[in-house]
Structures are given as C-alpha cells and as structure tokens.
Amino acid sequence: MKHVLFICGSMESPNGICVKAIVDEISNRDIKVDFICSSGQHLENQRNIEFHQVKSNYFESLLNDKKKISLLTYNIRLNLSRIRALILAPVWPFFGPLYYLNLVRVAKKLLTERSYDAVVGVYNNYECLLAAKYVKKRQLKTKFIAYFLDSLSGGMVPRYLTEKMVYTKGLKAERRVLNYADKVIIMRSHENHCIKAWQNTKWIDKVTVLDIPLYQPIDRKLRNKMSTRNIDILYMGALQQNLKNPRYFLEVISNGDFSNLKVSFVGPSDCKKMINEYQKSSKARIVQLDSVPHDVALNMELNADVLLNIGSMNTRQIPCKIFEYMSTGNPVVSIATSDNEPSIQYLKDYSLAIILYEGVDPKENAKKLVEFLNVYKNISSDRKNRTSKLYICTPGAFVDALYDSM
C-alpha cells in the first residue's frame, strides 16, 4: 500500500474544503495518508487516513475565531493583524516561522516512524511548501508534489505590497521550493501566468494542470420537475457590493413578469439594504437567510430548481461554489461583468447554464431568462457528459495524478 504525507493549512478554509474532497476520494483508494494540518477544528481519523494537528498562525486563528465577539474586539484584532502584515511585508510570503517549526516538528517525528512514497505540500500557506521540501530532503526517495490551489507569484496582492513586488518575491520563493519538486500541480486559471513566469526553469516540464477539485457529479436519474407556478432560484454564498453584487440580477427580475419566482439569498451579505429595496418593488418573492452549515447548503442546492451565480469582479478569484452547483445537475444562471469573469470558463462546458452580461439592457436579459427557464426547467444535465468535460475539476483527477507520481 502506498503511503502519502499531506501538509496543509486549515481544513476549514476554502483550500481546506478542496483538500477534504480529496480526502474523501482517497478513502476509496488503496492509499494510506497522514495529514499534518492546522488545529482549530475536530477531525476524525478515517480508514487509512490519520490527522496530525499543529498550532495554527496566532493572528489568523484570532480573525477566524467563530466565537461571538464584539465589533470593537474584532477591529482590534484586525488592526493588530494589519500591523503584523506591515512589519512582515519585507519577508513575504514567509509569514509564520513558528507555524513552520510546528509543521516540521510533527513531520520530523513521523519520519522517524514511517517512510513515505510521496509528500504533498499545499499552497496556500507557503510554510506548508517549505515543510514538504524538508521532508523531501530528509527522505530523498519520497516524491515531492507541490500543489498550488492559489498562485504565489501571480496571485492576490497582499496589503502593503505591489503587484510587481508579489511577482518578484513570489518567483524567488517558488525557486526555493520548486527546484526540489518532482511534480507541480497548478490550477487551469494560473496556467498562462506559470508558463510565462516559469520558462527556462528546471521544473517547467514537471507541471500538471488540474483545477479546483470540487466537481463531484451526483448521479440523478430524474430531477424533481419544476413547478410552473413556483420556481425556486437559490444563491448560496457571500454577497459583497465591491466583489459579488446582486444588483444587476435584481434589475433583471424587476423588468419582467417573474411573479412565479422565489429567489433566496443564503449567506453573509453587505447588500441587505439594497435587496430590501427590491423586495418592495419586484414581483418576484425575494428572501434573505443567514449562513447555514455546509451539509445543509449542499442539500438546499440539490433541491433548488435553479442555482444563481453572481460572478466575481476579481478576475483572479476562482469560484469554488460553481463546482458544487454543476455537481447537482441543476440549471445555473450566472451574472458576468465581462468576458474575463472567472466562472465563464467552467460554465461553457456545462450544458444547463446561461450567462447574463451586465452590459446588456436588463429588459433584454429578462426575456432571455424567461426563455431559459421555459426550456430547461425540467431537464437534468447528463452525468457522464459532465464528468468527461470537467474531469480535471474532480478530486479523482488529483488522486490519479498522485498515483502517476509514485
């Protein structure tokens, strides 16, 4: 049986959700896995899977603390974190020396007891890549896989840094790690950047392009038929006026006879006042709900008639939620600010999707939405077709790449 060591950050972060999907897939394969990850959540060992938790970054744990705190306390914590980011900006992306030492301490103990066929360092955090490099240097026969769910030299620009600084510092940080890597797995949305930035490097030929591993198609022989009187449209996730703004979609459903629609927005939002205004003027029934547990969210997505995606204004932000949407086989309505909106590249391979561009008159898109609902309301996407087109977005694609490396 193959034995693999994963080193990753919090299992509750967006990247952690991706790693959890891979864990579920690995549990069905003949692979034994140790996970070194941040503490802060309860994780139960599974068949052939063992978790080893370390103390997480202190400032990140403060900001992600789920205990109810006052706004003043939160702002104090936030400002302390910003001060720390300013002090550590010159050494970015190595923000957590103590966190790195904690990762290495656990890895060192495991290496005295076990040998590994492969070690997977998951970015983000950079410390996880460094710890995986440490394992590689201690056990030279171990295959080192650098797994980039985010881009380092081409990713988000942190506070107090410029895009040029991120590119320059990021490349240096990548060289310190990737010169030791046996395989480098990147996301499709980062492919163009990596090909350009990594040309003439020793690891460019070791790159494998996959994508966010959250597409897990549900086998549904028959989807519940959509009522002609009431159609439930569900948006699941955060709403932010400067990033994911629902105003245009609300304009669309206010410019047509959508009295048979119920639109539910579920999740944290700074758009509640705006939505309240449309609740009064729109013929559609509009509901706002607070966040729900992930398993409840998945069940709501499965039972909705249509799923709503509000495209991100940040073209570098990969939309994790879109993979859950497509997994249901339900129709998807997506709002896009431009052709560069990151959801588009995935939805074009999904047969039950319509993209409504914000540059178009809302009345015109209202007509398109009516036509879309009339055509697709009782159709479920074919599972086999979806899987073949979106294979690189599945956890199985990562596990297959892992097998190929060992």
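**Exercise 1. Is glycine 121 buried or exposed?** Place the residue in the chain, classify it, and then describe its surroundings.

*Solution.* The model is a predicted one, and the residue can be approached in steps.

Step 1: Glycine 121 belongs to strand 4, a strand that covers residues 118-123.

Step 2: The relative accessible area of glycine 121 is 0%, and the cut-off for a buried residue is under 20%, so glycine 121 is buried.

Step 3: Leaving aside residues up to four places away in sequence, glycine 121 touches Ile7, Cys128, Leu129, Ala132, Phe144, Ile145, Ala146 and Tyr147.

Step 4: One of these partners, tyrosine 147, is 26 residues away along the chain, and its C-alpha atom is separated from that of glycine 121 by 5.9 Å.

**Exercise 2. Describe the chain as a whole, using its secondary structure, its buried share, its contacts and its surface.**

*Solution.* Step 1: Counting the elements of secondary structure gives 15 helices and 13 strands.

Step 2: The chain has 406 residues, and 49% of them are buried.

Step 3: Among the contacts with a separation of 6 or more, 71% are made by residues 24 or more positions apart.

Step 4: The accessible surface amounts to about 19,900 Å², and carbon and sulfur atoms account for 50% of that area.

**Exercise 3. Work out how helix 5 is oriented relative to helix 4 and to helix 6, and list the residues that make each contact.**

*Solution.* Two packed helices are described by the angle between their axes and the distance between the axes.

Step 1: For helix 4 and helix 5, the axes come within 9 Å and cross at roughly 30 degrees. Angles under 35 degrees count as roughly parallel, and helix 4 and helix 5 are therefore roughly parallel to each other. Their crossing is right-handed.

Step 2: On the side of helix 4, this contact involves Tyr99, Tyr100, Leu103, Val104, Ala107, Lys108 and Leu111, while helix 5 contributes Glu127, Cys128, Leu130, Ala131, Tyr134, Val135 and Arg138. Sorted by class, the residues of the contact of helix 4 with helix 5 are eleven nonpolar, no polar and three charged.

Step 3: For helix 5 (residues 126-138) and helix 6 (residues 163-178), the axes come within 9 Å and cross at roughly 25 degrees. Helix 5 and helix 6 are therefore also roughly parallel to each other.

Step 4: Here helix 5 uses Tyr126, Leu129, Leu130 and Lys133, and helix 6 uses Ala173, Arg176 and Val177. The classes in the contact of helix 5 with helix 6 are five nonpolar, no polar and two charged residues.

**Exercise 4. Classify the crossing of helix 10 and helix 11, and sort the residues of the contact.**

*Solution.* Step 1: The axes of helix 10 (residues 294-303) and helix 11 (residues 321-328) come within 9 Å, and they cross at roughly 50 degrees.

Step 2: An angle under 35 degrees would count as roughly parallel, and one from 65 to 115 as roughly perpendicular; the crossing angle therefore makes helix 10 oblique to helix 11.

Step 3: The crossing of helix 10 and helix 11 is right-handed, and the contact is formed by His294, Leu298, Glu301 and Leu302 of helix 10 together with Lys321, Glu324, Tyr325 and Thr328 of helix 11.

Step 4: Divided by class, the residues of the contact of helix 10 with helix 11 are three nonpolar, two polar and three charged.

**Exercise 5. Locate four loop residues, namely asparagine 330, asparagine 200, proline 93 and asparagine 124, and state what can be said of each.**

*Solution.* Step 1: Asparagine 330 sits in the loop between helix 11 and strand 12 (332-336). With a relative accessible area of 0%, asparagine 330 is buried, and its C-alpha atom is separated by 6.1 Å from that of valine 306, which is 24 residues away along the chain.

Step 2: Asparagine 200 lies in the loop between helix 7 (191-197) and strand 7 (207-210). Its relative accessibility is 78%, so asparagine 200 counts as exposed. Although asparagine 200 is not a glycine, it has a positive phi of about 70 degrees.

Step 3: Proline 93 is in the loop between helix 3 (71-88) and helix 4 (97-113), and a cis peptide bond with omega of about 10 degrees joins tryptophan 92 and proline 93.

Step 4: Asparagine 124 is placed in the loop between strand 4 and helix 5; the bond that joins tyrosine 123 and asparagine 124 is a cis peptide bond, with omega of about 20 degrees.

Conventions:
Residues are numbered from 1 along each chain as its sequence is written. This is a predicted model: local features need pLDDT of at least 70, side-chain atom pairs count only at pLDDT 80 or more; totals for chains, interfaces and linings use all residues. Side-chain values use heavy atoms; hydrogens and water are left out. Axes are lines fitted to C-alpha atoms, for helices over the stretch in contact, and angles run from 0 to 180 degrees between N-to-C directions. Helices (H or I, at least four residues) and strands (E, at least two) are DSSP runs, numbered from the N terminus. Angles under 35 degrees count as roughly parallel, over 145 as roughly antiparallel, 65 to 115 as roughly perpendicular and the rest as oblique. A crossing is left-handed if the near helix is turned anticlockwise from the far one by less than a right angle, and right-handed if clockwise. Contact means heavy atoms within 4.5 Å. Ala, Val, Leu, Ile, Met, Phe, Trp, Tyr, Cys and Pro count as nonpolar, Asp, Glu, Lys and Arg as charged, and the others, Gly among them, as polar. Buried means under 20% relative accessible area, exposed over 50%, partly exposed in between (1.4 Å probe, protein chains only). Accessible areas come from the Shrake-Rupley method with a 1.4 Å probe; for residues, only the protein chains shown count as cover.
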